[in-house]
Amino acid sequence: MFTREGISANGAVLVPLPESPRLGIRHGWQLLHSPLLASRTDDNVILELNWRPALEVYAELVNPGLTTENFFDQAKSHPLGMFREGGEPLVRDPVGVREDGGLICLAQVPENASLAILQGSHSHLIGAAGEAADQALAPFQPLAPPGGLFLFDCVSRSLFLGPDFPQELDAVALQVLRRGFSCAVDGILTMGEIAAMDQGPLEFLNKTLVVCACHE
């Protein structure tokens, strides 16, 4: 956390709001291979998939030429999805390989979790951004418009989209205009997002866009 006093570790800023903001949460990654079982894990490291070495299985399904040296370039387009009821799979972003062949993810993967390998396309991710904005804006009316939108957008989405990243932001702005609102749209690029939908539990997200619509 950054403050005028310097940098503080393990800190947070809590801001009370008069009314709960409305959230839209989407990622747009599509199923490539499923199901897979995380048969052995160590917190955020997947050691085995379907009772076989995790890297071996992942390489077979994504690219047989995958190595520890080119892993990140391949994995940024093929994250893992953890199935959950009533929504898109929860994305887990593999970012490296441990010496023992375990896949290092940016968040915990429970043992025996049901997984899928996902794939991305620019059109699906950009479309998901519009869906997230529409979801966040749906409760508002022209006589009671939102005061503004704030985006928490995973930095890995911007890396994947590259020059097309502005189209994701345009998709959000288009939903604002479509509903006849004129509120500002601001945001930040994040490394992991924390959000909860419909009074559900807080979840740590990867490669996901969270749109927060605040009341005036």
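In the predicted model, a nonpolar patch on the surface is formed by Ile194, Leu202 and Phe204, which together have about 320 Å² of accessible area. Of these residues, leucine 202 lies in the loop that runs between strand β15 (193-195) and strand β16 (203-205). With a relative accessible area of 65%, leucine 202 counts as exposed, because the threshold for that class is over 50%.

A contrasting environment is found at serine 158, which is placed in helix α4, spanning residues 155-161. The relative accessibility of serine 158 is 14%, and this residue is therefore classed as buried, the limit being under 20%. Within the helix, the side chain of serine 158 reaches the backbone oxygen of valine 155 at a distance of 2.6 Å. When neighbours within four places in sequence are left aside, serine 158 is in contact with Phe165 and Leu189. The second of these partners, leucine 189, is separated from serine 158 by 31 residues in sequence, while the C-alpha atoms of the two residues are 8.2 Å apart in space.

For the protein chain as a whole, the secondary structure comprises five helices and 17 strands. The chain has 216 residues, of which 41% count as buried, and it exposes about 11,700 Å², with carbon and sulfur atoms supplying 55% of that area. Among contacts between residues at least 6 apart in sequence, 72% join residues that are at least 24 apart; the contact between serine 158 and Leu189, across a separation of 31 residues, illustrates such a pairing.

Definitions and conventions: Residues numbered from 1 in each chain as written. Predicted model: local features only at pLDDT ≥ 70, side-chain atom pairs only at ≥ 80, totals over all residues. Heavy atoms only, no water. Helix = DSSP H or I, 4+ residues; strand = E, 2+ residues; numbered from the N terminus. Buried < 20%, exposed > 50% of the residue type's maximum accessible area, 1.4 Å probe, protein only. Contact = heavy atoms within 4.5 Å. Polar contact = N/O pair within 3.5 Å; in protein donor to acceptor, adjacent residues only side chain to side chain. Patch = residues over 30% accessible without salt bridge, like charges linked within 9 Å, V, L, I, M, F, W, Y side chains within 5 Å. Areas by Shrake-Rupley, 256 points an atom, 1.4 Å probe, with all protein chains shown as cover. Salt bridge = Lys/Arg side-chain N within 4 Å of Asp/Glu carboxyl O.
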